[in-house]
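Trainee: I would like to go through the charged pairs and one helix contact here. Can we take them one at a time?

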Amino acid sequence: MTTPDVTTLTPVPAADDAARLARFEAHVAAEEKVEARAWMPEAYRRTLIRQISQHAHSEIVGMLPEGNWITRAPTLRRKAVLMAKVQDEAGHGLYLYSAAETLGVSRAELIDQLLAGTAKYSSIFNYPTPTWADIGAIGWLVDGAAIMNQVALCRCSYGPYARAMVRICREESFHQRQGFEIMLTLSRGAAAQRAMAQDALNRWWWPSLMMFGPSDRDSVHSAQSMRWKIKRVSNDDLRQKFVDATVPQAQFLGLTVPDPDLRLDDATGHYHFGELPWHEFHEVLKGNGPCNRERLAARRAAHDEGAWVRAAALAYSRKQQARQSRAS
């Protein structure tokens with residue numbers, strides 16, 4: 001049996017694994033994209049499936065805390081903008097599931113893993129959204145953190161993933177601005193509105209920093225992902241970049257970052273910040289967050305209630321294919 005070479009897509013003997021791996025490593029090191037039909041190490045493929053599927057699941061689960069506020073948004077304009085944002089998140093999940101499918105895994109399999117609770121998604125979506133300010137904090141902080149990571153993913157070595165990220169990043173920048181505008185309005189409002197904005201920042205600050213994953217010293221996958229250029233910037237570097245960008249924004253809003261250790265290091269130009277609550281991070285990942293069970297229950301219910309829609313769409317597709325076959 002033969003397998004396509006990563007650079008030429010011409011057949012090479014299956015026994016030539018060492019040579020193929022060397023060509024693959026050189027291809028990636030040269031900043032060339034790996035495409036779906038190209039040969040790749042199995043570990044590279046598995047890493048991509050894990051990362052892209054977790055990303056896709058996060059987009060889908062991330063619709064839930066915001067979708068809950070569409071009917072309760074304070075104005076018609078706010079409702080329309082939030083509805084557009086939630087719709088964007090659904091589209092992001094679609095792009096990412098499609099990118100994962102190019103690696104030989106079916107979308108149904110990935111969704112089954114999510115519904116069974118065996119697949120991970122971003123821990124940030126297991127926190128509640130009790131006030132309208134939470135929607136602003138999610139856009140400003142959560143989507144802001146996502147952009148920090150996702151802009152780098154536009155240079156991911158796997159072509160289908162990198163190209164999906166280009167459009168996603170454009171839309172995420174809109175989401176971040178939408179959230180900041182909500183926080184700006186609240187921070188310029190009445191005392192109760194300012195207090196609401198501060199409370200949301202207090203609750204979302206540390207979970208947002210934890211979005212970047214464990215520290216570099218504790219990250220299991222980062223070193224290999226960096227070498228294969230799946231990941232382009234380390235967790236700690238992304239976290240530092242986010243803090244440096246976000247603290248001045250909080251100051252502009254007149255809000256206080258809930259970190260007594262926060263200070264600007266004049267020598268480096270970076271903000272020093274306190275130790276993250278890693279115990280909470282690991283508990284949420286284990287399924288013990290405030291809304292873990294609620295989120296999965298909602299996804300399972302939506303999947304079951306939408307079964308008739310999927311069946312109807314499949315029947316319609318088969319009917320159209322049959323008509324085209326008769327016509328030809």
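Salt bridges and a helix contact

Mentor: In this predicted model, a salt bridge joins the side chains of R163 and E35, at 2.8 Å from N to O. R163 sits in helix 7 and E35 in the loop between helix 1 and helix 2, 128 residues apart.

Trainee: Is E35 buried, partly exposed or exposed?

Mentor: Buried requires under 20% relative accessible area and exposed over 50%. E35 has 31% relative accessibility, so E35 is partly exposed.

Trainee: How far apart in sequence are the parts that K229 and E31 tie together?

Mentor: The side chains of K229 and E31 form a salt bridge, 3.6 Å from N to O. K229 is in the loop between helix 9 and helix 10, and E31 is in the loop between helix 1 and helix 2, so the parts tied together are separated in sequence by 198 residues.

Trainee: Which of the terms buried, partly exposed or exposed fits K229?

Mentor: The cut-off for buried is under 20%. K229 has a relative accessible area of 18%, so K229 is buried.

Trainee: Which residues are linked with K229 in a network of salt bridges?

Mentor: The pair of K229 and E31 has already come up. The network of salt bridges links K229 with E31 and R232.

Trainee: At what angle do helix 7 and helix 10 pack?

Mentor: Helix 7 covers residues 159–187 and helix 10 residues 235–253. Their axes are 9 Å apart, and the angle is about 30°.

Trainee: How many residues of that contact are charged?

Mentor: Helix 7 contributes Q176, F180, M183, L184 and S187, and helix 10 contributes Q249, F252 and L253. They divide into 5 nonpolar and 3 polar, and the charged ones number no residues.

Technical notes. Residues are numbered from 1 along each chain as its sequence is written. This is a predicted model: local features need pLDDT of at least 70, side-chain atom pairs count only at pLDDT 80 or more; totals for chains, interfaces and linings use all residues. Side-chain values use heavy atoms; hydrogens and water are left out. Axes are lines fitted to C-alpha atoms, for helices over the stretch in contact, and angles run from 0 to 180 degrees between N-to-C directions. Helices (H or I, at least four residues) and strands (E, at least two) are DSSP runs, numbered from the N terminus. Contact means heavy atoms within 4.5 Å. Ala, Val, Leu, Ile, Met, Phe, Trp, Tyr, Cys and Pro count as nonpolar, Asp, Glu, Lys and Arg as charged, and the others, Gly among them, as polar. A salt bridge is a side-chain nitrogen of Lys or Arg within 4 Å of a carboxyl oxygen of Asp or Glu. Buried means under 20% relative accessible area, exposed over 50%, partly exposed in between (1.4 Å probe, protein chains only).
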